[in-house]
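Welcome! Here is a short briefing to read alongside the model.

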Amino acid sequence: MEPNTPSSGRGPVIRYLVVLAVGYVLGTKAGRRRYEQIAGTYKAVTESPAAKAVIDAGRRKIADRVSPDPTLVTLTPIDSETHVLQPETMAKKER
């Protein structure tokens, strides 16, 4: 094959199939016991109280950034049972 002739593009596909085949063979050789070990470790890590706290904090942080709702601030209360709320961005503009 000459260096300037275009290739048929089969090289990457064949490599991909070889990688899939090797992964399949290695995965089947590892067997169910190894799968259970990996799944058990994952469960132990994600169900620990410390990990749950970190995961929840991360989710809250992401939700706060992604949330379309503006943060509300409390304005002057009308009485002891009624509170007036306003989006934080509007409260900053009025100052």
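## A first look

From the N terminus on, the elements of this protein run α-α-β-β-α. That comes to three helices and two strands, where helices (H or I, at least four residues) and strands (E, at least two) are DSSP runs numbered from the N terminus. This is a predicted model: local features need pLDDT of at least 70, side-chain atom pairs count only at pLDDT 80 or more, and totals for chains, interfaces and linings use all residues. Residues are numbered from 1 along each chain as its sequence is written, and side-chain values use heavy atoms, with hydrogens and water left out.

**Surface**
- Of the 95 residues in the protein, 3% are buried (buried means under 20% relative accessible area, exposed over 50%, partly exposed in between; 1.4 Å probe, protein chains only).
- The protein exposes about 9000 Å², and carbon and sulfur atoms supply 60% of that.

**Helix H1**
- H1 covers residues 10-46, and Leu-20 has its place there.
- Leu-20 is partly exposed, with a relative accessible area of 44%.
- The 37 residues of H1 would reach 54 Å as a straight helix at 1.5 Å a residue (times one less than the number of residues), but the end C-alpha atoms are only 42 Å apart.
- H1 has a kink of about 90°, centred on Gly-31 (the angle between axes fitted to the seven residues ending there and the seven starting there).

**Helix H2**
- H2 spans residues 49-66, and its end C-alpha atoms are 25 Å apart, which agrees with the 26 Å expected for 18 residues.
- One of the 18 residues of H2 is buried, so this helix lies largely in the open.

Key
Areas by Shrake-Rupley, 256 points an atom, 1.4 Å probe, with all protein chains shown as cover.
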